[in-house]
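Trainee: Could we go through this model together, one question at a time?
Mentor: Sure, have a look at it and ask away.

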Amino acid sequence: MSADNTTCDLLIIGASMAGSCLARQLKLKHPDMNIVQIERKTEFAPWVGESTLESFWDYAVRHLDLGHYLDTHHLYKHGLRFFFDSPKRDLPIERMSEAGRSWFHGTPSHQLDRKRFDTDMCEMNRALGVDVRLGCKVKGIELDVDHGHLVDTSQGRFRCTYLVDAAGFASPLGRKLNLIESLDHRHPVSAYWARFKHTANLDLLGDMEWRSRVCHTSRFLSTVHFMYRGYWIWVIPLNKDTVSIGVTMKTDMTNLDIKDGHAFIQFLHTHQCMRQLITPHTEIQGFHRMKRLARRAKQTYSTQRWFLTGMAAAFMDPLLSPGSAFLSDTNRMIGDLIATDRAGRSTEYADKVIAYNNYSRFWFESFLLHVRGNYHGIYDLHRVHFQALLMHCFGIILPTSMSEQWGYDPGMTGITADQAWQETSRILDHSAIKGIHNIQEQLHRYLRERDCEHGRNSDQFWDIELGKEVMKHTRTSGRHLNKNEIASVENQMLRISYRQALTRMAEIEGISCNENTMETAVNLLMSNDGKSDLASGLELLRNEPADQGFSLAEAVAA
């Protein structure tokens, strides 16, 4: 039997985005490594994971040498763009309230044509010396850290020192070890999607005034979200002729039972905005559906020299495009663990396994908080939540990824996984993003009680711009990020969310006050980790004499 074995240093199950990126990363870092990739598919098809975040760009440029490839073969991404509709779904796109950039970002990201990307990566990896085998199905796995793990496949047996499961939801290693934990009870989401050719060009809709409010930058290049109660629709450009359109629904709020591509188009056409984009000349290709998306592996990294990455390790929701960011950090942590182990630093390796498992869980739980607060379809709530989310992403999450600060400290030797998670849970419970959820929920109750939830879902434009102070840690690649700086960013996140919520409530009640009073109200609310009652701040604003003040809208604009 041993004569039939192919021996390698690293075997990666899966040759799509996460697996191919890891293979390339490790081959560039360790040219001497014998790396094999196996993939059950014989060729690649379009798939989700098209919209990437800035952390993937940083990873692709610094670790994969793919900067020029991305710039010349895939579309530049013009940020995240959100549109809000009336409850009757009858607003034309030009009348829908919009949140998005009117400027091109200094830190790039890209829209990936996944079929092209996955196919190209296999060819580029082969050129580096990676043994990529398509049409190779896993039949069984025997873990053996001492003599090498044994993987039985349709193309023979492979014995490897390191084993990585990058096989997506199929996850043969995750299933063998009973690692896969469904989170449908916490975040029940399902999705339908397809590719569409020859849709209307978003940049050619509307009049010159509508186009000029984004300074004639391309809305088409954004990852566009049309937001509704219980679901949202994405539109992602793949090339000049093709877009990806999908809907993600929260199944405890709405139930869309879409059987096929024809039914999908019928559903989309119940929205005026989608009737503008999907014309009689539009062609649909490759309809897909996937239920119960939210899942996580209980463990991602092991002292037994096996690892999970990509959708095999975790997936929560396509909203905000977190998948590319998660695989970027996961792959970098796997690379660091393998390098540490190959260097013979066994104690450090064991401590890093604990730290990195803890960080990945923290990352997932933190991002889940971002995602769960976005299924309301209300412009006013988005204003309160999303600016703080961007501050969190560009002030903490992205710089942490860039600087590769994943919670390992040489002084943590001997800490257990339970002890690490207890401390991390405490940090999550007192995090700014958790406080912002409380602020958003309070504002939602206030709007609902006054029957004005959708009062500003039309004719509003929010130009999402982050200043130099917020972007400073991204611009310095996280070199100066520390606990004090993180606390400062979280403080700013809470302050802006309180201010936005109080501003909207005061506008509804016709309250005017001076800037000092607003600052006093925000300071009052800031004293309780985001758990303060907005009513107390509003009461303070009410008590300010009107003739001493001025419009809060004017104050915020100033």
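Trainee: At roughly what angle do the axes of helix α9 and helix α10 cross?
Mentor: Before that, two notes: this is a predicted model, where local features need pLDDT of at least 70, side-chain atom pairs count only at pLDDT 80 or more, and totals for chains, interfaces and linings use all residues. Residues are numbered from 1 along each chain as its sequence is written, and side-chain values use heavy atoms, with hydrogens and water left out. Helices here are DSSP runs of H or I with at least four residues, strands are E runs of at least two, and both are numbered from the N terminus. Axes are lines fitted to C-alpha atoms, for helices over the stretch in contact, and angles run from 0 to 180 degrees between N-to-C directions; for α9 (residues 323-342) and α10 (residues 346-372), the axes come within 10 Å and cross at roughly 175 degrees.

Trainee: What does that make α9 relative to α10?
Mentor: Angles under 35 degrees count as roughly parallel, over 145 as roughly antiparallel, 65 to 115 as roughly perpendicular and the rest as oblique. So α9 is, relative to α10, roughly antiparallel.

Trainee: How many residues of the contact of α9 with α10 are nonpolar, polar and charged?
Mentor: Contact means heavy atoms within 4.5 Å, and the residues making this one include Phe326 and Met333 of α9 and Tyr356 and Trp363 of α10. For the classes, Ala, Val, Leu, Ile, Met, Phe, Trp, Tyr, Cys and Pro count as nonpolar, Asp, Glu, Lys and Arg as charged, and the others, Gly among them, as polar. The split is 9 nonpolar, 2 polar and 5 charged.

Trainee: Is Phe364 buried or exposed?
Mentor: Phe364 sits in helix α10, and touches Leu183, Arg295, Arg296, Ala314, Phe315 and Met316, leaving aside residues up to four places away in sequence. Buried means under 20% relative accessible area, exposed over 50%, and partly exposed in between, using a 1.4 Å probe and protein chains only. With 2% relative accessibility, Phe364 is buried.

Trainee: Which strands stand at the edges of the open sheet?
Mentor: Two strands pair if DSSP finds at least two bridges between them. The 8 strands run in the order β16-β12-β15-β14-β13-β4-β5-β20, with mixed pairing. Each edge strand has a single partner, so one side of it is left without a neighbour in the sheet, and these are β16 (283-290) and β20 (461-463).

Trainee: Which residue stands opposite Phe82?
Mentor: Look at strand β4 (residues 80-84), which pairs with strand β13 (residues 223-228) in the parallel sense over 5 bridges. Opposite Phe82, in β13, stands His225.

Trainee: Which helix lies across β4, β5 and β20?
Mentor: Look for a helix covering residues 379-403. Its direction is at about 5 degrees to β20, and its name is α11.

Trainee: Which residue does Arg213 meet in a salt bridge?
Mentor: A salt bridge is a side-chain nitrogen of Lys or Arg within 4 Å of a carboxyl oxygen of Asp or Glu, and the structure holds 40 of them. Arg213 lies in the loop between α6 (208-212) and β13, and its partner is in strand β5, 115 residues apart. Arg213 is partly exposed at 22%, while the partner is buried at 0%. At 2.7 Å, N to O, the partner is Glu98.

Trainee: How many residues apart are Asp118 and Arg114?
Mentor: Their side chains meet in a salt bridge at 3.0 Å, N to O. Asp118 is buried at 2% relative accessible area, and Arg114 is buried at 6%. Both lie in helix α4 (residues 114-128), about one turn of the helix, or 4 residues apart.

Trainee: Is Asp65 buried or exposed?
Mentor: Most residues other than glycine have a negative phi. Asp65, in the loop between α2 and α3 (67-73), has a positive phi of about 55 degrees without being a glycine. Its relative accessible area is 58%, so Asp65 is exposed.

Trainee: And where is Leu320 found?
Mentor: Leu320 has a positive phi too, near 70 degrees. At 2% relative accessibility, Leu320 counts as buried. Its place is the loop between β19 (314-315) and α9.
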